Amino acid sequence: MWEEYNDLIRQRIEKIEKLRSMNINPYPIRFTRDLTAADVLSKHKDETPLEGKLAGRIRSRRLMGKASFAHIEDMSGLIQLYFRQDILGEQKYEIFKLLDLGDIIGVHGKSFRTKTGEITIEVHDFTLLAKCIRPLPVVKEKDGKLFDEFADRELRYRHRYIDLIVTPKTKSDFILRSKLINGIREFLTARGFLEVETPMMQAIPGGASARPFVTHHNALNIDLYLRIAPELYLKRLLVGGFEKVFELNRNFRNEGISTRHNPEFTMLELYEAYSDYNAMMQLCEEMISSLSLKLLGTMRVEYQGERIDFTPPWKRIAYVDAIREFTDIDFRTIKSATEAYNAAKSIGIHLDEKLSKWKIAEHIFEERVEKHLIQPTFVIDYPTELSPLAKTREDDPEFVERFEPYIAGREIGNAFSELNDPFDQRRRFEEQVRMREAGDEEAQMMDYDFLMALEYGMPPAGGMGIGIDRLVMLFINTASIKDTILFPLLRPDTGEHHGTSEG
């Protein structure tokens, strides 16, 4: 196969040399178009055809003596072209014969309708804009599944530009992702939220429990961290008087790669003064359900064999009640880490005996509860130990006002009634520091400047983060987060795949 590709590449390079010998530049500096494929298809009228310039990539070509057909594709879609030697002239028509599938051309012509009813451009002139040297894979599809040399998922992730050219669903999925992000902006700004930007390089990483990436600033001679969350900076803005803020941000966490995790990912994070986690739940379900209706035309979607219903209101269940429902373990009655360890062992979960009671609960929840939370569900009232930035429940200090929305067995966000008591926040930071010194690399660091900000007074507030990539997974019906990221992080290429610089 690869030898065959190399022969085809050599043939195309020879065509470039022939074009250059004819004083034709296969990569000219510019071409100005005034029509798209969609323009022609939507505006053509038989009595008043459209005339203008289009450009796109050749996706099909049929040579038929002195007249030929081709299709070009631009961002808006496909359109057929009609080339005639008597219109173009013999020399220009010979140049057309040197074109290949994948070449990008610009054409000037007039629309008409063929005998079969297809709207087509009669080409009066054309220009080669970029010669495609490497042949495009021929993608075949049956029963919704791709099968050919480009069906390999890693190959598609590694060479996303080819994937976008030859796989229509890939292109439509990323267009939907863009529309979803734009829809989030419209939803929030219509409710008075202000979009802001906060630092991506931070002296102290905070706002989440995760291992950060470390970099070094030469001029200041200091180590900096790529942010794991924007939370503490957005809360500083609440202190400063911005009462409703949000950020669509890139976060970086030095953790494993899986179908649900990419070290670089996109989050929506928002904060509203004089609000709480109850208001955040309402905002969350309203936003996601309305986006589903707007972008997909329904609140009931198919996802990996399950029918997901986004219609509000969503189910609400306390963290400890969810564990009890699916394991019969009641953490309201468990008083010690030893009891928790024995309870986990009794259901086949073997953990480090040094873990605390609530760390053990966390493992049980992840292994035995999450997978059952298929329909949209708010898991609420988490243990205080697991939530260093959330406000303690007034009726039970062992728990905080926090929720995580779960859909299709995975957590897609996190939200709190935000902690604004500087004394309580200091105690929680100190506990996180002790955990870090004991070896927990994901525990948070002490942030004295954030404590100082709280000492100036932060209004009571609700805050929420939503994982954009995981939300897109639901909307495009994929089990892998890599299908939602244009260029996901991959292991270095060994050069064994088609399309590498080794040829």
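**Exercise 1. A salt bridge within helix H12**

Determine where lysine 359 and glutamate 362 lie in this predicted model, and classify the contact between their side chains.

*Solution.*
Step 1. Helix H12 spans residues 357-368 and contains both lysine 359 and glutamate 362. The two residues are three positions apart, about one turn of the helix.
Step 2. The closest N and O atoms of the pair are 3.4 Å apart. A salt bridge requires a side-chain nitrogen of Lys or Arg within 4 Å of a carboxyl oxygen of Asp or Glu, so the criterion is applicable here. Lysine 359 and glutamate 362 therefore form a salt bridge.
Step 3. Lysine 359 has a relative accessible area of 22% and is partly exposed. Glutamate 362, at 24%, is likewise partly exposed.

**Exercise 2. Arginine 332 and its two partners**

Identify the partner of arginine 332 in a salt bridge, and the ring over whose face arginine 332 lies.

*Solution.*
Step 1. Aspartate 321 is the salt-bridge partner of arginine 332, with an N to O distance of 3.6 Å.
Step 2. This pair links distant parts of the chain: aspartate 321 belongs to helix H10 (319-327), while arginine 332 is in the loop between H10 and helix H11 (337-346). Eleven residues separate them.
Step 3. Arginine 332 has 40% relative accessibility and counts as partly exposed; aspartate 321, at 22%, is also classed as partly exposed.
Step 4. The ring is that of phenylalanine 399, with arginine 332 over its face at 6.0 Å from the ring centre.

**Exercise 3. Salt bridges in the whole model**

State how many salt bridges the model holds, describe the pair arginine 402 and glutamate 404, and name the members of a salt-bridge network that includes Arg12.

*Solution.*
Step 1. The count comes to 42 salt bridges. Side chains of opposite charge can pair when their charged atoms come close.
Step 2. Arginine 402 and glutamate 404 form one of these bridges, with their closest N and O atoms 2.6 Å apart. Both residues are buried.
Step 3. The network links Arg12, Lys15, Asp100, Asp103 and Lys131.

**Exercise 4. Aromatic geometry**

Classify the ring pair of phenylalanine 429 and phenylalanine 450, and place the two residues in the fold.

*Solution.*
Step 1. The model holds 15 aromatic pairs. In the pair considered here, the ring centres of phenylalanine 429 and phenylalanine 450 are 6.4 Å apart, and the planes meet at 70 degrees.
Step 2. Centres must lie within 6.5 Å, and planes over 60 degrees apart count as edge-to-face. The pair is therefore edge-to-face.
Step 3. Phenylalanine 429 is in helix H13 (residues 422-437) and phenylalanine 450 in helix H14 (residues 448-455). The pair links distant parts of the chain, at a separation of 21 residues.
Step 4. Phenylalanine 429 is buried, with a relative accessible area of 1%. Phenylalanine 450 is buried too, at 1%.
Step 5. Elsewhere, Phe83, Tyr93, Phe96 and Phe126 form one aromatic cluster.

**Exercise 5. The surroundings of helix H8**

Determine which residues of helix H8 are buried and what covers them.

*Solution.*
Step 1. In H8 (residues 231-239), the buried residues include Glu231, Leu232, Leu234, Lys235, Arg236 and Leu238.
Step 2. Their cover includes strands S12 (244-252), S13 (264-273), S22 (413-417) and S23 (461-467), together with helices H13 and H14.
Step 3. The charged end of arginine 236 sits over the ring of tyrosine 233, 4.6 Å from its centre.
Step 4. Glycine 241 follows H8 and has a positive phi, near 105 degrees.

**Exercise 6. Two buried polar residues and a surface patch**

Give the locations and contacts of arginine 177 and threonine 384, then describe the patch that contains Leu486.

*Solution.*
Step 1. Arginine 177 is in helix H7 (residues 168-189) and counts as buried at 11% relative accessibility. Beyond four places in sequence, its contacts are Arg250, Thr266, Ile468, Asp469, Val472 and Thr484.
Step 2. Threonine 384 is in the loop between strand S17 (377-380) and strand S18 (392-393); its relative accessibility of 16% places it among buried residues.
Step 3. Excluding residues up to four places away, threonine 384 touches Pro397, Glu398, Phe399, Val400 and Arg428. The C-alpha atoms of threonine 384 and valine 400 are separated by 5.4 Å, although the residues are 16 apart along the chain.
Step 4. Tyr161, Leu486 and Phe487 make a nonpolar surface patch of about 340 Å². Leucine 486 lies in the segment after helix H15 (468-476) and is partly exposed, at 35% relative accessible area.

Note on methods: Residues are numbered from 1 along each chain as its sequence is written. This is a predicted model: local features need pLDDT of at least 70, side-chain atom pairs count only at pLDDT 80 or more; totals for chains, interfaces and linings use all residues. Side-chain values use heavy atoms; hydrogens and water are left out. Rings of Phe, Tyr and Trp (its six-membered ring) pair if their centres lie within 6.5 Å; planes under 30 degrees apart count as stacked, over 60 as edge-to-face and the rest as tilted. Helices (H or I, at least four residues) and strands (E, at least two) are DSSP runs, numbered from the N terminus. Buried means under 20% relative accessible area, exposed over 50%, partly exposed in between (1.4 Å probe, protein chains only). A charge sits over a ring if NZ of Lys or CZ of Arg is within 6 Å of the ring centre and within 35 degrees of the ring normal. Patches are made of residues with over 30% relative accessible area and no salt bridge: like charges are joined within 9 Å, nonpolar side chains (Val, Leu, Ile, Met, Phe, Trp, Tyr) within 5 Å. Accessible areas come from the Shrake-Rupley method with a 1.4 Å probe; for residues, only the protein chains shown count as cover. Contact means heavy atoms within 4.5 Å.
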